[in-house]
Amino acid sequence: MTVTRRSLKAFVALFSLPFTWAIVFMVVPYLVMISISFWSRQFPLFVPDFQFGNFIQLFSDPQYTTVILRTLKIALLVMAGAILLGYPLAYFLVFTVTSTRWRNLLYMSVIVPLWVSYLLRAYTWKIILGTNGALNSLMVSTGLISEPLSIFLYNQASMVITLVYIFIPFMVMPLVTVLDNIPKALIEASEDLGVGPFMTFWKVIFPLSLGGLVAGATMTFCLSFGDFVAPVLVGGPDGTMVANLLQSQFGAALNWPLGSALATLVLVLVLIVLRLSSRFDRAGHVSLA
Amino acid sequence: MTQQPIVELSGVSKNYGQFTALHATDLEIGEGEFVTLLGPSGCGKTTTLRLIAGFEFPDTGAIGIAGKDVTAAPPYHRPVNTVFQDYALFPHMTVAENIGYGLSVKAHRLSAGERTERVREALEMVGLETMEHRMPGALSGGQRQRVAMARAIVRRPKLLLLDEPLSALDVKLREGMQVELKRLHRELGITFLMVTHDQAEALALSDRIVVMDQGRIAQIGRPFDLYDNPKTPYVADFIGATNLVPATYVRREGAFDLVALAGGLVLRRLARDTDPAYARNQPLVAGIRPERVQASAAGDANAMATRVVETLFQGDRMRLELLPEGERKSVFADIPRTGVNRAAISPGQAFQVFVDPADVMLFEAGKAP
């Protein structure tokens, strides 16, 4: 990039603040984090060092591998749940609801929860799934069960349900956008060529919506991978996720080097996911011109 | 029309809310015909096409294709294929995949080899043999248009619908594709039903033209019939251009009807068998095509004294805006370049023109534009 003398001033004025911001608050902390991950712990504190003990511990101690694998599993389940619920919803909004007013209203009702505090939304599920919660009351009053059950809350299923609920707008939004951008003439062309609605979906609509699907899947996966509220509120004893582990390493356990190593690992995992998704997205990318 | 009709609309109408896109309409199209629906936007021509394709369903009436009632049949159960206005090629498929798309369905199950053969044949038909692995995004407008054609004909439909097929192409390409369309129609023997707002295109390609106006059929006929005998001023002005002048009927004089223009000029018109009986002083509309106005007298032509308002050079001919004496509205005349001394015509000058009595058209007033 060449910057002429005249525009240099303007360039500096325009970009110095965001550049400084990015370097001071993002690049430097990452470097600090990565370097601390090589330090060693000497009770009660830690000293600068260069060794891989922290990483070895992460991969060998089942306490950590279990949590990492569990987090991966839950993030994948949330992603899958969001796809299974979000795709039909987005499809319904774009192709079935013909009235623009109704469509906007329904779309807003999916998005509006984002304006409500995240904590509140997670807490809602505690009220729904709890032993004295709405679900139990309903089932007791309809005679389905005689005693309230405590099986709904404080397990991995309740975590997945809560996270799907919280993050589903991030799946629906990009899907509605891509589906809405598919020219209706393509669907008409497919039917005109003798292909029924079901195969038209698989051969035309679905391939052309992959971009939005990948974007939504990436967002829901990454967001739930780093979540630490749902495990605390509705997760129960076997609900600990990576973010909770991280929190304790920097807090109660006071083991910054191990925490940094864990954070670096999470960073690498998320970067891999993003890289995969961008490659996948590009493969499915076509110009709709 | 002696052939068996391949398309039959009877009493078909379509409303969108308060707006009537198509009033109850009857239409028959014969096997192997090239029929054009012609009219300005909003005249109902595209609605008619979409009703036949099955993208819309009529509010009243019935649609028959190849002797079968398809009024309620979805598009994928109709023996019809469409060339879409913006081609509607599948952007995620290659040219060959696009063309072969309609051959993969159950009702059309072919062996893989047969399919490739049919696709290759269709590619050859439209002259795109070397393009089969390209993506639509990498094609020019004319090439996309050919792919759209190939995709629509590969299933050998009974009827091919063309929705403004050439409107997205530039002029030069459009003229070339017109020839292509005519050739394809002849070679395939399929019935073509085309929608267009371009009267030149309609005149050049069609066996019959259906002129539409505000959701109704204004006139159906062969191109030269429409040109020579338009039934209404609307058709006269839409098929070719026509000078339309209010006039009143004077009397019959031998083989001629006499009509007076507002300024007192009396025109003679060669009466036709198909003319209705006009009454004295009946308000009429006289129509004269610009290209039928002559610069020199021939036989018993009407003479008109005019003044030149403006001259427009158009290559092989001159378009003159003329104000007939005593008239307030000017008329246009297209005079061949060879017929006039160009230097003799300039704005403000007097200029006498002649119109053959056979070239004067008469319409009953009230149907005025």
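Two residues are taken to be in contact when their C-beta atoms, placed from the backbone, lie within 7 Å. By that criterion, among the contacts in chain B that link residues at least 6 apart in sequence, 65% join residues at least 24 apart. The model discussed here is a predicted one, and chain B is a convenient place to begin. Its C-alpha atoms fill a box of roughly 75 × 45 × 40 Å along the principal axes, and the chain contains eight helices and 20 strands. Of the 369 residues in chain B, 38% are buried.

From this outline the reader can turn to the interior. The largest nonpolar core has 97 residues, and those with the most contacts inside it are A150(B), L193(B), V211(B) and A286(B). Helix 4 of chain B, which covers residues 141-153, supplies the largest share of this core, namely six residues. Because domain 1 (5-236) and domain 2 (241-364) of chain B both give residues to the core, it lies between them. Apart from this core lies another, of 52 residues, which includes L58(A), M79(A), L213(A) and F225(A). To see the surroundings of one residue of the largest core, consider L193(B): once its neighbours within four places in sequence are set aside, L193(B) is in contact with V7(B), I29(B), V35(B), L49(B), I52(B), L159(B) and L161(B).

Helix 4 of chain B also packs against helix 5 of chain B (residues 171-188), at an angle of about 15 degrees and with the two axes 12 Å apart. Since angles under 35 degrees count as roughly parallel, helix 4 of chain B is therefore roughly parallel to helix 5 of chain B. The crossing of these two helices is right-handed. On the side of helix 4 of chain B the contact is made by G142(B), Q145(B), M149(B) and I153(B), while helix 5 of chain B contributes L173(B), M177(B), L184(B) and L188(B).

Two loop residues deserve a separate look for their backbone angles. In chain B, Y87(B) has a phi near 70 degrees, a positive value in a residue other than glycine, and Y87(B) sits in the loop between strand 6 (80-83) and helix 2 (95-100) of chain B. With 22 other C-beta atoms within 10 Å, Y87(B) is buried. In chain A, L254(A), likewise not a glycine, has a positive phi of about 45 degrees, and its place is in the loop between helix 11 (242-250) and helix 12 (256-283) of chain A. L254(A) counts as partly exposed, because it has 15 C-beta neighbours inside 10 Å.

Conventions:
Residues numbered from 1 in each chain as written. Chains lettered and ligands numbered in written order. Predicted model: local features only at pLDDT ≥ 70, side-chain atom pairs only at ≥ 80, totals over all residues. Core = buried A, V, L, I, M, F, W, Y, C linked by C-beta atoms within 7 Å. Buried ≥ 20, exposed ≤ 12 C-beta atoms within 10 Å, placed from the backbone. Helix = DSSP H or I, 4+ residues; strand = E, 2+ residues; numbered from the N terminus. Domains from an automatic or database assignment. Axes fitted to C-alpha atoms, helices over the stretch in contact; angles between N-to-C directions. Parallel < 35°, antiparallel > 145°, perpendicular 65-115°, else oblique. Left-handed = near helix turned anticlockwise from the far one by under 90°.
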